[in-house]
Amino acid sequence: PHAPSNSAVRIYAQCSKLASGGVTLLALNTSTNESSELSLPMPAERFTLTGEALSSTIVSLNGSPLQAAADGSLPPMRPQHAPAGTIRLAPESITFLEIPAAHNKNCSRAGELRDAH
């Protein structure tokens, strides 16, 4: 992916646990008022966490508020499909992007980093 030049955005990557050669990205937009853009070279499954404010007690996943059931169990965590191209990172948001078809040669087996020697 093409990383934004915005200093408020941090991007981390690791090998995916779901697919050999897959990559999971974590994109943090720490700006309190500016969104940023990230360019994806291929489709991804997107999980974006947002709140009205950092102190908010309600967190939304892909725009829908997350609420525990009466028994305390968590709701299903369903991704939003993100096609290849530019995606918007809202201010004060956390976005996970699962890219199973990344074909990263350093991720030889699901969830493990291959020795580069």
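A residue counts as exposed when its relative accessible area is over 50%, and His103, with a relative accessible area of 67%, is therefore exposed. Keep that cut-off in mind as you look through this predicted model. The chain has 117 residues, of which 27% count as buried. Its secondary structure comes to 0 helices and 9 strands, so a reader following the sequence meets the pattern β-β-β-β-β-β-β-β-β.

**Strand S9 and its partners**

- A good place to start is strand S9, which spans residues 93-99.
- Is S9 enclosed by the rest of the structure, or open? It is largely enclosed, because 5 of its 7 residues are buried.
- S9 pairs with S2 in the antiparallel sense, over 7 bridges. Strand S2 itself covers residues 23-29.
- Within this pairing, Glu98 of S9 stands opposite Thr24.
- S9 is also joined to S4 by 5 bridges, and these two strands run antiparallel as well. Strand S4 covers residues 44-51.
- To find the S4 pairing on screen, look for Thr48, whose bridge partner in S9 is Thr95.

**Strands S3 and S8**

- Strand S3, residues 36-40, has two faces. Ser36, Leu38 and Leu40 make up the covered face, while Glu37 and Ser39 make up the uncovered one.
- S3 runs antiparallel to strand S8, residues 85-89, and 5 bridges join the two.
- Leu40, from the covered face of S3, stands opposite Gly85 in S8.
- Thr86 is also placed in strand S8. Its relative accessibility is 54%, so Thr86 counts as exposed.
- How far apart in space are Thr86 and Pro41? Their C-alpha atoms are 8.8 Å apart, although 45 residues separate them in sequence.

**The disulfide**

- The count of disulfides comes to 1.
- The bond is formed by Cys15 and Cys107, with their sulfur atoms 2.0 Å apart.
- Which parts of the chain does the pair link? Cys15 is in strand S1 and Cys107 is in the segment after strand S9, so the link spans distant parts of the chain, 92 residues apart.
- The torsion about the S-S bond of Cys15 and Cys107 is about -80°, which means that the disulfide is left-handed.
- Both Cys15 and Cys107 are buried.

**Ser16, in the loop after S1**

- Ser16 sits in the loop between strand S1 (9-15) and strand S2 (23-29).
- Is this loop residue, Ser16, buried or exposed? Ser16 is buried, because its relative accessible area is 1%, and the cut-off for buried is under 20%.
- A polar atom of the Ser16 side chain lies 2.9 Å from the backbone nitrogen of Leu18.

**The largest pocket**

- Rolling a probe the size of a water molecule over the atoms shows where empty space is left.
- The largest pocket holds about 220 Å³ of space.
- Its lining is made of 13 residues. Those nearest the centre of the pocket are Leu49, Gly51, Leu54, Glu92 and Ile94.
- Which elements give two or more residues to the lining? They are S2, S4 and S9.
- S4 provides the largest share of the lining, with 3 residues.
- By residue type, the lining divides into 6 nonpolar, 6 polar and 1 charged.

**Two residues with positive phi**

- Most residues other than glycine have a negative phi. Two residues are worth a look against that background, Glu92 and His103.
- Glu92 has a phi near 50°, a positive value in a residue other than glycine.
- Glu92 is found in the loop between S8 and S9, and is one of the residues nearest the centre of the largest pocket.
- With 22% relative accessibility, Glu92 counts as partly exposed.
- His103 also has a positive phi, of about 55°, although it is not a glycine.
- His103 lies in the segment after S9, where Cys107 of the disulfide is placed too.
- Where Cys107 is buried, His103 is exposed, as the opening cut-off showed, with its relative accessible area of 67%.

Conventions
Residues numbered from 1 in each chain as written. Predicted model: local features only at pLDDT ≥ 70, side-chain atom pairs only at ≥ 80, totals over all residues. Heavy atoms only, no water. Helix = DSSP H or I, 4+ residues; strand = E, 2+ residues; numbered from the N terminus. Buried < 20%, exposed > 50% of the residue type's maximum accessible area, 1.4 Å probe, protein only. Polar contact = N/O pair within 3.5 Å; in protein donor to acceptor, adjacent residues only side chain to side chain. Disulfide = S-S within 2.5 Å. Pairing = 2+ DSSP bridges. 1 Å grid on protein atoms, 1.4 Å probe; cavity = no way out; pocket = protein on both sides within 12 Å on 5 of 7 lines; lining within 4 Å. Points joined across faces, edges and corners; volume = space filled by probe spheres on them. Nonpolar A, V, L, I, M, F, W, Y, C, P; charged D, E, K, R; others polar.
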